[in-house]
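Thank you all for making the time this morning. I would like to walk you through one structure, and I will start with a term that we need before we look at any single helix.

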Amino acid sequence: MTLGVIVSLFGLGTMLVLLFTLAIYAVPFFVGLTVGMWAFETGAGVVGAVVVGIVAGVIALFAAQLLFASVRSLALRAVIALLFAAPAAVAGYHAVLGISALLVPSETWRHVFAAIGGLVVGVSAAVQLAAFAGAGAQPRQATAGRPDAEFAEGAGPDQPRLPSPSAARLPAPSSGSRG
């Protein structure tokens, strides 16, 4: 009995981790499924429909990441993130609702947990989209000169500059004795 509960909790935790990890792929999956069904209905066959669907899903994911990374407007980024987060939130809501049916007897509390789970999965999808797209982060360039050159050159008018290595030297001790 105890082993069964432990294994069930481990399985539930694994499913939730998988849900959070795959939340970003809800929109590309729906795009791929829709395009694949369209290709099948137009006579592409099963193999052709699967290939066309996979290609369409991959293109949708990379196009959204590229668009998110290239757009500088926060409003447009929010719209793109919402387009990815909304289907992921719906999928998360229904996944948590199904999982909570195994553990929670109250219908009201199942929907409360499902709403919280959907919100968390939706936010997770938006964060993953931003992380995959790089969120507009520019790589830092290393300076080949002095170690303090990056700080001294980047200091603003009201920021103190680091002393150069020659100014930071202490006078050499004298070798003679004073008498």
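When I call a residue buried, I mean that its relative accessible area is under 20%, whereas exposed means over 50% and partly exposed covers what lies in between. Please also keep in mind throughout that this is a predicted model.

With that term in hand, let me begin with helix α2, where the buried residues are A26, V27, P28, G32, G36 and A39. These buried residues of α2 pack against α1, against α3, which covers 45-70, and against α4. The helix itself runs over residues 26-41, and its 16 residues reach 22 Å from the first C-alpha to the last, close to the 22 Å expected at 1.5 Å a residue. Just after α2 comes G43, which takes a positive phi of about 100 degrees.

Let me now step back to the whole protein chain. It holds six helices and zero strands, so that, read from the N terminus on, its elements run α-α-α-α-α-α. The chain has 179 residues, of which 27% count as buried. It exposes about 12500 Å², and carbon and sulfur atoms supply 74% of that area. As for how the contacts are spread along the sequence, if we take those between residues at least 6 apart, then 61% of them join residues at least 24 apart.

Next, helix α4, which covers residues 74-103. Its 30 residues should span 44 Å at 1.5 Å a residue, and the end C-alpha atoms are 40 Å apart, which agrees. There is nevertheless a kink of about 25 degrees in α4, and this kink is centred on L82. The buried residues of α4 include R77, I80, F84, G92 and V96, and also L97, I99 and S100. I would single out R77, because besides being buried, R77 lies over the face of F68, at 4.9 Å from the ring centre.

Which residues does L16 touch, if we do not count those up to four places away in sequence? L16 is found in helix α1, residues 2-22, and the residues it touches are V96 and I99, both of which are among the buried residues of α4. L16 itself is partly exposed, with a relative accessible area of 27%. A further pairing worth noting is that of L16 with A95, since the two are 79 residues apart in sequence and 8.7 Å apart in space, C-alpha to C-alpha.

That leaves helix α5, residues 107-133, in which Q128 lies. Is Q128 buried or exposed? At 17% relative accessibility Q128 counts as buried, because the cut-off for that class is under 20%. Leaving aside its neighbours within four places in sequence, Q128 is in contact with F20, T21 and I24.

Finally, the aromatic residues. A pair of aromatic rings is described by the distance of the centres and the angle of the planes. The count comes to two aromatic pairs. In one of them, the rings of W109 and F113 have their centres 5.8 Å apart and their planes at 35 degrees, so the pair is tilted. W109 and F113 are four residues apart in helix α5, which means that about one helical turn separates them. F113 is partly exposed, with a relative accessible area of 37%.

Definitions and conventions
Residues numbered from 1 in each chain as written. Predicted model: local features only at pLDDT ≥ 70, side-chain atom pairs only at ≥ 80, totals over all residues. Heavy atoms only, no water. Helix = DSSP H or I, 4+ residues; strand = E, 2+ residues; numbered from the N terminus. Buried < 20%, exposed > 50% of the residue type's maximum accessible area, 1.4 Å probe, protein only. Contact = heavy atoms within 4.5 Å. Areas by Shrake-Rupley, 256 points an atom, 1.4 Å probe, with all protein chains shown as cover. Phe/Tyr/Trp six-rings, centres within 6.5 Å; stacked < 30°, edge-to-face > 60°. Lys NZ or Arg CZ within 6 Å of the ring centre and 35° of its normal. Expected span 1.5 Å × (residues − 1). Bend = angle between axes of the 7 residues up to and from the residue.
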